[in-house]
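User: Could you take a close look at one residue for me and set it against the chain as a whole? I'd like the setting spelled out in plain words.

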Amino acid sequence: MTDKDALIQPDRGQDATPIHVVDKDGFDDWAKKLTGSQRATLSAQKFTGKGYQTAIVPDGDGWFAVGGVADSESLSAWCLAKLAETLPAGTYRLAKGDAGPALFGWQSGQYAFTRYKDDKDAEGPRILLTKDVAAIDGMIAEAEAVNLVRDLVNTPSEDMGPEALEAEASRLAKKFDAKLTVTRGDALEKGYPMVHAVGRAAARSHAPRLIELEWGPADAPRIAIVGKGVCFDSGGLDIKPTSGMALMKKDMGGSAHALALASLIMGQGLKVRLHLLVPAVENAISGNAFRPGDVLASRKGLTVEVTNTDAEGRLVLGDALTKASEDGAGLIIDFATLTGAARVALGPDLPALFTRQDDTAQDLMDAGLAHDDACWRLPLHDGYRDMLKSDIADMVNSASGGFAGATTAALFLDRFVGDGIEWAHFDTFAWRPAAKPGRPKGGAALGLRAAWHMLKKRYRD
C-alpha cells in the first residue's frame with residue numbers, strides 16, 4: 001500500500017470534509033449552535049447522538065458529517081466505523097480532537113472480500129486525516145493484519161488448503177527475510193505422527209505438512225506462535241452433520257491468526273526470536289483415515305487413544321507445541337478454533353483464554369480491553385485432568401460426558417507444552433455470524449490484537 005492509497009493519512013491542512021462527533025448527552029447543547037435548517041435536517045434523519053448514528057448536514061455551499069458515539073471524549077476502536085462504511089468517498093477530518101483508537105475501525109469498516117465477486121457499485125475509499133502521524137504506520141499494520149485473517153478465513157477450502165497456507169508463510173518469509181522450513185511426507189510421519197495421522201486421508205493436493213518460520217536475532221528472547229491449520233474439517237469418520245460442516249472452511253482460523261501475528265511481529269520489528277508453527281492438514285474421509293479407537297504416537301512420546309476423530313485440532317497442535325517447546329521458546333501463544341464448548345460458554349465474540357500463569361492472563365486481558373479485542377479467561381482446572389485418562393494409552397483425545405469441553409481440550413494441549421514454559425491458548429471462533437460497525441460478517445480476528453499489544457508492550461515499548 002502506498003501512502004496515497006492509505007485510508008488514514010497525515011493532516012497537512014489539505015481540503016477535507018469535517019466530521020462532528022457527538023454523544024447523546026451533549027447533543028442538545030451542540031445542536032443549539034446550528035441553524036434552524038441544519039437542526040431540521042438532523043431531525044429528518046432522526047439523528048439524536050446515539051451510538052453509530054450518522055448524518056449529513058448542509059453547510060453553505062458544502063456539508064459536514066455527524067457521527068453519534070457513546071462518549072465523545074473517549075473514542076473506541078469502533079466509534080467512526082459506521083461513518084467509514086456509509087459516507088461518500090472522499091477525505092475527512094474530525095472537527096475537534098483526533099481519532100485515536102478509532103483510526104483502526106475507520107480502516108476495518110471499509111474491508112470487503114472480493115476474491116470471487118467484484119462489487120461494481122462499491123463506494124470509493126474514505127480517507128481520514130490525523131495529526132497523530134506517529135500512530136499511522138502501526139494502525140495501518142494492525143488493520144492489514146486483521147484483514148489478512150479475514151481474507152484467509154473467508155477463502156473456501158479448495159483454495160485455502162495446506163499448500164495455500166504454506167504459500168502465505170513463504171510470502172511472509174520472503175517479505176521479512178525469514179527462514180521457512182516445511183516438513184511433509186515420510187519426514188512428517190516420523191517426526192510429527194499426529195499431524196500425519198489427521199491429514200493422511202486428504203487428496204495429494206491437500207497433503208499434510210508442518211510449516212515453520214524463524215525470524216529475528218538468535219540472542220533475542222525466543223517466542224513461539226502456533227496456529228491450528230485444519231483447512232477443512234469433515235469430522236473424519238466421526239463425521240459432522242451438514243450443519244456442522246457448513247463453516248468448516250474457517251477451521252484454519254487459528255493459523256490465520258498466527259500468520260497475521262507473525263506479520264505484525266516482523267513488520268513492527270519486535271526484539272524477539274520468532275518461531276511460527278502451523279500444522280496444516282485437511283481432516284478428510286477415505287480408506288486410510290484415522291479411526292475411533294486407534295492409538296496414535298506423538299512427537300513427545302505420549303500415546304493418545306482416539307475417542308473422537310472430530311477432536312483432531314488438538315492432535316495436530318500437540319505435535320507443534322512439542323516442537324516449539326524443544327526449540328527453547330520461553331513463551332508460546334497458540335490460536336485454534338478448537339471447541340464448540342467455548343462458544344457455548346462465551347458466544348461468538350469472546351475468545352476463551354487459557355494460561356498457566358495469572359500474570360500472563362492479566363496481561364492479555366488488559367491488552368484486549370485497552371484495544372477493543374476482549375478475551376475471557378477460563379480455568380485450566382487440574383481436577384479435570386482425570387477426564388483424559390485412557391485404559392490403553394497415556395491419554396484420550398476427547399473426554400467423555402460432555403462436561404468442560406474447552407477446559408479438557410486445553411488440558412490436553414498442556415501435556416505437550418514443556419515444563420516451566422509460559423503458555424497462552426486462545427480458543428477463538430475466527431468468524432462473525434452477523435455484521436457490526438467495523439466488523440463485517442465472515443472471517444474475524446478475535447484475540448489477535450490482544451496478543452499483539454501484549455507482545456508489543458513486553459518487547460518494544
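Analyst: A quick definition before anything else: a residue is called buried when its relative accessible area is under 20%, and exposed when that figure is over 50%. By that yardstick, 56% of the 461 residues in the protein chain count as buried. Keep in mind that this is a predicted model.

Now for the close-up, Ser157. You'll find Ser157 in the loop that runs between helix H5 (136-154) and helix H6 (162-176). Is Ser157 buried or exposed? Its relative accessibility is 13%, and because the cut-off for buried is under 20%, Ser157 counts as buried. As for what surrounds it, skip the neighbours within four places in sequence and Ser157 still has contacts with His206, Cys231, Phe232, Met248 and Lys249.

Zooming out, contacts across the chain have this pattern: of those with a separation of 6 or more, 77% join residues 24 or more positions apart. The fold holds 15 helices and 20 strands. The radius of gyration is 24 Å, which agrees with the value near 23 Å that a compact globule of 461 residues would have. Along the principal axes, the C-alpha atoms fill a box of roughly 80 × 45 × 45 Å.

On the outside, the protein chain exposes about 19,600 Å², with carbon and sulfur atoms supplying 49% of that area. For the charges, there are 53 positive and 62 negative ones, and their mean positions lie 2 Å apart.

Technical notes:
Residues numbered from 1 in each chain as written. Predicted model: local features only at pLDDT ≥ 70, side-chain atom pairs only at ≥ 80, totals over all residues. Heavy atoms only, no water. Helix = DSSP H or I, 4+ residues; strand = E, 2+ residues; numbered from the N terminus. Rg over C-alpha atoms; globule rule 2.2 N^0.38 Å. Buried < 20%, exposed > 50% of the residue type's maximum accessible area, 1.4 Å probe, protein only. Contact = heavy atoms within 4.5 Å. Areas by Shrake-Rupley, 256 points an atom, 1.4 Å probe, with all protein chains shown as cover. Lys, Arg positive; Asp, Glu negative; His and termini not counted. Charge placed at Lys NZ, Arg CZ, Asp CG, Glu CD.
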